[in-house]
Amino acid sequence: MRCIAFTGFLGSGKTSVILATARALGARGQRVAIIENERGAIGVDGPYLEAQGLGVREISDTCICCDLQSSLGHTVRLIDSLYHPEWLLLEPSGVAHPDELANTIEDDAMPGTEWRLVALLDAVRFGRLWADQSGLGYLLRWQIERADLVLLTKTDVVTAEQQALIEATITGVRPEVKIVPLARTAQVGELVLAALEEVAAC
Amino acid sequence: MLKAGSAARRVSLHFDPPQASSQVARMIEDYLHAVDLRLQTIAPAWVGHCKLLIDVAGEAVYGSITTADDDVRWTGTITSILAHAELTVYAAIYNLSDEQVAGVLDAYLPQLTQAVS
C-alpha cells in the first residue's frame, strides 16, 4: 500500500490537493482511502471529502504526530484489513510537526506500507511565514527538511518573480528536493501523481 | 508544541424569496471579511484557515481566507438559485484558543442569518 502524508499549514490547500489526487487515482482504477486528522468536535474536511464520493476515516480531536501515536498505526492497519486500498492519503492537522509525524511513521512499523511525505507550501503566505523563523517559520523549514516532494500551492496568485524567489529559498534548504508548482487547474491530481512516480523512481 | 484554536458552527438558512447564487456568494464573502476584521482585533497578523461551506442539494462549495486581509478564495461554484442551504462555518487559527475563535464566529452568526430573513 502506497501511503502519502500531505503536510502543510492550516489553509495551505491540503484537502483540495488530496481530493484532486484521489480523483486522479480513481480515474486510473486505483482503490484509495483517506485518513483525516481534524481538530474539534465538528469535522469539516472529512465530511467534505465524503460528499465528493470518497472513503474517509477520521481521527478527530487529537494530533497524530504527538498526542496519540498509536492511532495512526492502528488506523492504517484497520483500513488495510477492511478495504485493501492500493493508496492511502493522509491529511495531518495543520498543527502536526513534520519531523514528529515522520518519526511516528518510522517508529510505528507498518508492514506492507511505503510512505512518502509531501509538503504543501502556500506561495501566498510563504514570505511572511518564512520571515518568522522564531514562530511559524521554523515549521516551514521542517516541512522542507522532511519532504520527499514539495508542492508549491496557489502559484496562480503570485508573480513569476515571487515564485522563483520561493523556489530558491526551498532549494537553499534542500537542493535535491523536487518542487512542483500548483496553480488552480484541472490537472492538479495528475501533476501530483506524475511527481510521486518520478520521486519513487529515484 | 504548535497550538491552534478551532471552532465550527452549522446553520440552516431559508431564503424567501430564493436568492441568486451571486447574492449568496456575496453574503458569504461579507461574513468572512467580518470574521477577518474581528480576528485582527485579537491577532493583527493571524494565520490559519477560516472557511464557510455551503451544501446545496449535496453539492459542497466553500469560500475561505487564510490570513489577515486575505481575499476570499473559492473552491467550487454556486450555480443555482437557492431557497435553502446548509452552512458550516469553520475556523482554526494559530496561537488562539478555542474560546477566542468560537467567540469570533458567534459574533457574526446573527448577522449572517438576519441577512437572509
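Q: In this predicted model, pLDDT is the predictor's confidence in each residue, from 0 to 100, so which element of chain B has the highest mean, and which the lowest?
A: Chain B as a whole averages a pLDDT of 88, with 94% of its residues at 70 or more. At the bottom sits helix 2 (residues 98–114) of chain B, with a mean of 87. The top spot, at 92, goes to helix 1 (residues 21–42) of chain B.

Q: Which element gives the largest share of the largest nonpolar core?
A: That core holds 88 residues, and A:Leu89, A:Val118, A:Leu151 and B:Ala91 touch the most other members. Nine of the core's residues come from one element, its biggest contributor: strand 5 (residues 82–94) of chain B.

Q: Is A:Lys154 buried or exposed?
A: A:Lys154 sits in the loop between strand 6 (149–153) and helix 7 (160–173) of chain A. Its phi is positive, near 65 degrees, though it isn't a glycine. The cut-off for burial is 20 or more other C-beta atoms within 10 Å. A:Lys154 has 23 such neighbours, so it counts as buried.

Q: And B:Asn95, how many other C-beta atoms lie within 10 Å of it?
A: B:Asn95 is another non-glycine with a positive phi, about 65 degrees. You'll find B:Asn95 in the loop between strand 5 and helix 2 of chain B. B:Asn95 is classed as partly exposed because its count of other C-beta atoms within 10 Å is 16.

Q: Where is the cis peptide bond that leads into B:Pro17?
A: Most peptide bonds are trans. B:Pro17 belongs to strand 1 (residues 4–19) of chain B. With omega near 10 degrees, the cis bond runs from B:Asp16 to B:Pro17.

How values were computed
Residues are numbered from 1 along each chain as its sequence is written. Chains are lettered from A and ligands numbered from 1 in the order in which they are written. This is a predicted model: local features need pLDDT of at least 70, side-chain atom pairs count only at pLDDT 80 or more; totals for chains, interfaces and linings use all residues. A nonpolar core is a set of buried Ala, Val, Leu, Ile, Met, Phe, Trp, Tyr and Cys residues joined through C-beta atoms within 7 Å. A residue is buried if 20 or more other C-beta atoms lie within 10 Å of its own, exposed if 12 or fewer, and partly exposed in between; C-beta atoms are placed from the backbone. Helices (H or I, at least four residues) and strands (E, at least two) are DSSP runs, numbered from the N terminus.
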